[in-house]
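Colleague: I should be grateful for a close look at the cysteines of this model and at the helix packing around them in your account. Please set out the reasoning as you proceed.

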Amino acid sequence: MARVVLAGGSGYLGRHLAQRLRERGDEVVVLTRGTSGHRGGVRFEHWDGRTVGSWAAVLDGADALVNLAGRRVDVRPTRANVDDLRDSRVNAVRALGQAAAGLDEPPAVWVQVATMAVYGEGGEIVCDESVPPPPDGPRQMVGVATAWEAAFADAVRDRNGRDVLLRCGVVIGPGDPATAHLAWLARLGVGGRIGSGRQWVSWIALDDLLSVVVRAMDEPAMAGTYHVTSPQPVRNAALMAGVRRVVGRRWGLPIPAFGVHVGTWLLGSDAALPLTGRRGHPGRLLDERYRFTTPDLDAALATALAS
């Protein structure tokens, strides 16, 4: 039985990962901005995500640290919001690094969950791990993700342990907010292509994402940066067609770019999320013979929207 610490483990991914780990018999400790205590077989420890405190003791002797901390990205891209997106990620990484540096026995492996959005608008480039992220791009994507990865690199530079950075695509799974929102649009009759519809969507089924995180914890050969995205990325038009098939809508009204800007602003979201894309490729996972359980988009959507 392993002892695993999930930083920021109270969100969508954290809850599902905690369940997966509990099912295999691991002890799970979640660092949360909520209250400390034991709930559902999981231990919760309060932290502020910025400073080292008494919570640091749970890292001592842990078999793995998985960091999921960060404010949700579905917000208006105002300067204050983008600063908060960046700071919530960077400060959490720095606090974890400082805490681990002061321990006699820091976590054996640190798995840092990051994002494929570090590539911003990738166009037609096939982005595997050999392709460096651009120096410039949308501040709420490239700026935030670059600062996030730089903070992680600083935190683990002198660490005596194994470190894995997972750049993840858009997660498709039961109850995930993004897929539920697309299904809502399709049922309203506006589930056609978004913008040009040609932007690439790098996606990953929830089950595969959880499996890769567990693999990163368990597999001693895994180290460095991995792209966690289906080997079958799709264009936005194909994604929306798949959503329509699952919800039983044969046609959907396209949403032009100006409509996306107006709609996302009214909903308090960010137009860049659906209008930009990147063609991710999980080169290292394929080279290491990871077998995706759900490489097909329609299968992933059917599972996500089954209820």
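Modeller: A search of the whole structure, which is a predicted model, finds 0 disulfides. A disulfide is a covalent bond between the sulfur atoms of two cysteines. To count as one here, a pair of cysteine sulfur atoms must lie within 2.5 Å. For Cys127 the closest cysteine sulfur is that of Cys168, at 15 Å, and this is too far for a bond. Taken from the other side, the closest cysteine sulfur to that of Cys168 belongs to Cys127, again at 15 Å and too far for a bond. As to their surroundings, Cys127 counts as buried because its relative accessibility is 2%. Cys168 has a relative accessibility of 8%, so this residue also counts as buried; the cut-off for buried is under 20%.

The helix packing may be taken next. Two packed helices are described by the angle between their axes and the distance between the axes. Helix α2, residues 79–101, and helix α3, residues 139–156, have axes that come within 9 Å and cross at roughly 15°. The two helices are therefore roughly parallel to each other, since angles under 35 degrees are classed in that way. The crossing in which α2 passes α3 is right-handed. On the α2 side, the contact is made by Arg79, Val82, Asp83, Leu85, Arg86, Arg89, Val90, Val93 and Gly97. On the α3 side, the contributing residues are Arg139, Gln140, Val144, Ala147, Trp148, Ala151, Phe152 and Ala155. By class, the residues of this contact between α2 and α3 comprise 10 nonpolar, 2 polar and 5 charged.

A further pair is formed by helix α6, residues 236–247, and helix α10, residues 297–304, which pack at an angle of about 45° with their axes 9 Å apart. It follows that α6 and α10 are oblique to each other. Their crossing is right-handed. From α6, the contact draws on Ala238, Leu239, Gly242, Val243, Arg245 and Val246, and from α10 on Leu297, Asp298, Leu301 and Ala302. The residues of the contact of α6 with α10 divide into 7 nonpolar, 1 polar and 2 charged.

One residue in the loop between α9 (283–287) and α10 also merits mention, namely Arg289. The phi angle of Arg289 is near 65°, a positive value in a residue other than glycine. With a relative accessible area of 71%, Arg289 is exposed.

Technical notes
Residues numbered from 1 in each chain as written. Predicted model: local features only at pLDDT ≥ 70, side-chain atom pairs only at ≥ 80, totals over all residues. Heavy atoms only, no water. Axes fitted to C-alpha atoms, helices over the stretch in contact; angles between N-to-C directions. Helix = DSSP H or I, 4+ residues; strand = E, 2+ residues; numbered from the N terminus. Parallel < 35°, antiparallel > 145°, perpendicular 65-115°, else oblique. Left-handed = near helix turned anticlockwise from the far one by under 90°. Contact = heavy atoms within 4.5 Å. Nonpolar A, V, L, I, M, F, W, Y, C, P; charged D, E, K, R; others polar. Buried < 20%, exposed > 50% of the residue type's maximum accessible area, 1.4 Å probe, protein only.
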